[in-house]
Amino acid sequence: MTKSETVSIIIPVYNSQDSLLACLESVAGQSYENLQIIAINDGSSDDSGSICDDFAQKDARFEVIHKENGGIASAQNAGLDLATGEYIAFADNDDILDRRNIEILLSALKQTGADMSKGRWQQFGQSQHRQIVEKAGKGEDNPGSIMKFAQPLRAYQTVFCKALRLAADRAGRHGEVRYFNEANWCRIYRRKLWEGLRFPEGMYAQDVMVAGRLYDRMKFVADVDKVLYYWRQSADSVTHKERSFSFYHDNAAAGIENMKFALQRGIMPARSWYTVAGAVSEEKTASDFSKPENLEIYRKDCEEKEKLFAGLTPSQRAKCSVLRQIRLAEKFVYDRKIKNMK
């Protein structure tokens, strides 16, 4: 393996001492060994920083950065600035990678000539920790089927309802293959995709904010039909717990940004419609909603939402509305079965 085949794996770390060890072990134990592993300790107040340092002492591929707390976007950007590999990957500090994650995803990327490769993932609760660690440590027996698809920005905006993806699969239209969200993990990117592109710092929806522009840079995406990443569910995570006005507003702002971008590209922004409609509505449920400054932000968000929605054709509005209702029904089930995993 040559230096040009190095994969830089970026791991933002913050107060994750109870789950961090398993994550770092799954990265260090990858079957593909030519790695630059960048762990960014984002001002942790627990032993997370020391755990990272211990790995760096034992494994020269680890580079540990200790910085003041600046949020996940700040940590991700620090990792991107330090990355030297021709390929980029991300991992969350409490998740677990299949032992062949990098090997399989990189092989798919090279075989297809795609700009990004992605695998499937599985959620798990703390009670399944030992089982998942054992399963991931063995690694997948085979790389699974690989399919390449074009127009990833269009797929991102239109293929997101699970029921419709399953129906498409039954009809032979490969719905699941074309599905992906804003998460950066369980993927490998060509380095060029991130040139001049960074996450906006100081906001919750940093991955949503860059999604449109990132996917627009891609011509092809390769999908690997194998579970290669295990996503730990925690009731204390920001995604599951945060309910402040700024959280909802950041999601609304990111959805609005993506909606505008999709419309500029002539793409029906169904996913962004879902995001914006939900986030603006949820702003009213925040405990700090009644602050004067928040009321003014909410008013502006409502105006922006109505303006964008009105700019769609009647047919587009109808399709977006139907897709949103389907997704809301799926979310109702998801919130009870997945987010409450223990």
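Start by selecting D53, which you'll find in helix 2 (residues 48-58). Keep in mind that this is a predicted model. Is D53 buried, partly exposed or exposed? Its relative accessibility is 29%, so it counts as partly exposed. Show the contacts around D53 and, leaving aside residues up to four places away in sequence, you'll see it touching V64 and H66.

Now for a jump. Select L312 along with D53: the two are 259 residues apart along the chain, and their C-alpha atoms are separated by 52 Å.

**Helix 11**

Next, select residues 270-283, which make up helix 11. Helix 11 has 14 residues, and from first C-alpha to last it reaches 20 Å, close to the 20 Å expected at 1.5 Å a residue. Turn on the surroundings and you'll see helix 11 largely enclosed by the rest of the structure, because twelve of its 14 residues are buried. To colour the buried ones, pick A270, R271, S272, W273, Y274, T275, V276, A277, G278, A279, V280 and E283. What covers them? Bring up helix 6 (152-158), helix 10 (245-264), helix 12 and helix 13 (314-337), which are included in that cover.

**Helix 10 against helix 11**

Keep helix 11 on screen and add helix 10. Their axes come within 8 Å and cross at roughly 155°, which makes helix 10 roughly antiparallel to helix 11. The crossing is left-handed. For the contact itself, show side chains on the helix 10 side for F245, Y248, H249, N251, A252, G255, I256, N258 and M259; they meet S272, W273, T275, V276, A279, V280, E282 and E283 in helix 11. Colour this contact by class and you get nine nonpolar, six polar and two charged residues.

**Helix 12 against helix 11**

Now hide helix 10 and select residues 292-310, which is helix 12. How do helix 11 and helix 12 cross? Their axes come within 10 Å, at an angle of roughly 155°, and the two are therefore roughly antiparallel to each other. Helix 11 passes helix 12 in a left-handed crossing.

Zoom in on the residues that meet here: W273, V276, A277, V280 and E283 from helix 11, with Y298, D301, C302, K305 and F309 from helix 12. By class, this contact has seven nonpolar and three charged residues, and no polar ones.

For a last stop, select W273: it is one of the helix 11 residues that meet helix 12, it is also among those meeting helix 10, and it is one of the buried residues of helix 11.

Conventions: Residues numbered from 1 in each chain as written. Predicted model: local features only at pLDDT ≥ 70, side-chain atom pairs only at ≥ 80, totals over all residues. Heavy atoms only, no water. Axes fitted to C-alpha atoms, helices over the stretch in contact; angles between N-to-C directions. Helix = DSSP H or I, 4+ residues; strand = E, 2+ residues; numbered from the N terminus. Parallel < 35°, antiparallel > 145°, perpendicular 65-115°, else oblique. Left-handed = near helix turned anticlockwise from the far one by under 90°. Contact = heavy atoms within 4.5 Å. Nonpolar A, V, L, I, M, F, W, Y, C, P; charged D, E, K, R; others polar. Expected span 1.5 Å × (residues − 1). Buried < 20%, exposed > 50% of the residue type's maximum accessible area, 1.4 Å probe, protein only.
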